[in-house]
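Please work through the exercises below with the sequence and the structure open beside you. Try each task before reading its solution.

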Amino acid sequence: RLLDQSREAWDVTHFLQTFAFPNLTAAVNTDGLLCATLSGDTAMIRVLANSRADVNQRVSSLTEFGFEKNQTLLMIAAQS
């Protein structure tokens, strides 16, 4: 539970609207997987991974939240 927030599972439409992605392709090609990972939405992680989101993406901008630079989303998911 990142930042002590409850985990919420969204359908694709609600996820795209919540995180202001214009469509699924945009979510796949940008930070959609990061949003799904940090929100703990495993169903959406699965949708994005099946849509070819980069599951090996490295994140370097979350150091203020206690994550080290260049961790993969899998590492972040394991820690949150």
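The exercises that follow concern a predicted model, and they go from the whole chain to single residues.

**Exercise 1. The chain as a whole**

Task: Establish which secondary structure elements the protein chain has, in what order they run, and how much confidence the predictor gives them.

Solution: Begin by counting elements, which gives 5 helices and 2 strands. Then read them from the N terminus, where the order is α-α-α-α-β-β-α. Next consider confidence: the mean pLDDT of the protein chain is 84, and 89% of its residues reach 70 or more. Among the elements, helix 2 has the highest mean pLDDT, 95, whereas helix 5 has the lowest, 77. Where pLDDT is low, the predicted coordinates should not be read in detail. Turning to the surface, the accessible area of the protein chain is about 5,200 Å², and carbon and sulfur atoms account for 49% of it. Of the 80 residues in the chain, 35% are buried. Finally, of the contacts between residues at least 6 apart in sequence, 37% join residues at least 24 apart.

**Exercise 2. Helix 3 and its surroundings**

Task: Decide whether helix 3 is mostly covered or mostly open, and find the elements against which its buried residues pack.

Solution: Start with the residues of the helix, which spans 32–39, and note that 7 of its 8 residues are buried, so that helix 3 is mostly covered. The buried residues are Gly32, Leu33, Leu34, Cys35, Ala36, Thr37 and Ser39. Then follow their packing partners, which are helix 1 (12–18), helix 2 (24–29), helix 4 (42–50), strand 1 (58–59) and helix 5 (73–79). As a last step, look just past the end of the helix, where Gly40 follows with a positive phi near 75°.

**Exercise 3. The largest nonpolar core**

Task: Identify the residues with the most contacts inside the largest nonpolar core, and the element that supplies the largest share of this core.

Solution: In soluble globular proteins, nonpolar side chains tend to be buried together. Here the largest nonpolar core has 18 residues, and those with the most contacts inside it are Phe15, Phe21, Ala27, Leu48, Val59 and Leu62. Helix 1, helix 2, helix 3, helix 4 and helix 5 each give two or more residues to this core. The largest share, 4 residues, comes from helix 3. To follow one core residue outward, take Val59: leaving aside residues up to four places away in sequence, Val59 touches Leu34, Glu68, Lys69, Asn70, Gln71, Leu73 and Ile76.

**Exercise 4. Aromatic pairs**

Task: Work out how the rings of Trp10 and Phe19 are arranged, and how those of Phe15 and Phe21 are arranged.

Solution: A pair of aromatic rings is described by the distance of the centres and the angle of the planes. The structure holds 4 aromatic pairs. For Trp10 and Phe19, the centres are 5.3 Å apart and the planes stand at 80°, so the pair is edge-to-face, the cut-off being over 60 degrees. For Phe15 and Phe21, the centres are 6.1 Å apart with 20° between the planes, and this pair is stacked. Now add accessibility: Trp10 is buried at 13%, Phe19 is partly exposed at 27%, and Phe15 and Phe21 are both buried. Taken together, Trp10, Phe15, Phe19 and Phe21 form one aromatic cluster.

**Exercise 5. The two residues of strand 2**

Task: Determine whether Gln71 and Thr72 are buried or exposed, and which residues they touch.

Solution: Place both residues before assigning them, since Gln71 is in strand 2 and Thr72 is found in strand 2, residues 71–72. The relative accessible area of Gln71 is 9%, so Gln71 is buried; Thr72, at 12%, also counts as buried. Then list the contacts, again leaving aside residues up to four places away in sequence: Gln71 touches Gln57, Arg58, Val59, Ile76 and Gln79, while Thr72 touches Asn56, Gln57 and Arg58.

**Exercise 6. Positive phi outside glycine**

Task: Locate Ala20 and Arg52, and decide whether they are buried or exposed.

Solution: Most residues other than glycine have a negative phi. Ala20, although not a glycine, has a positive phi of about 60°, and Ala20 lies in the loop between helix 1 and helix 2. At 65% relative accessibility, Ala20 counts as exposed. Arg52, likewise not a glycine, has a positive phi of about 80° and lies in the loop between helix 4 and strand 1. With a relative accessible area of 75%, Arg52 is exposed.

Methods:
Residues are numbered from 1 along each chain as its sequence is written. Side-chain values use heavy atoms; hydrogens and water are left out. Buried means under 20% relative accessible area, exposed over 50%, partly exposed in between (1.4 Å probe, protein chains only). Contact means heavy atoms within 4.5 Å. A nonpolar core is a set of buried Ala, Val, Leu, Ile, Met, Phe, Trp, Tyr and Cys residues joined through side-chain atoms within 4.5 Å. Rings of Phe, Tyr and Trp (its six-membered ring) pair if their centres lie within 6.5 Å; planes under 30 degrees apart count as stacked, over 60 as edge-to-face and the rest as tilted. Accessible areas come from the Shrake-Rupley method with a 1.4 Å probe; for residues, only the protein chains shown count as cover. pLDDT is the predictor's confidence in each residue, from 0 to 100.
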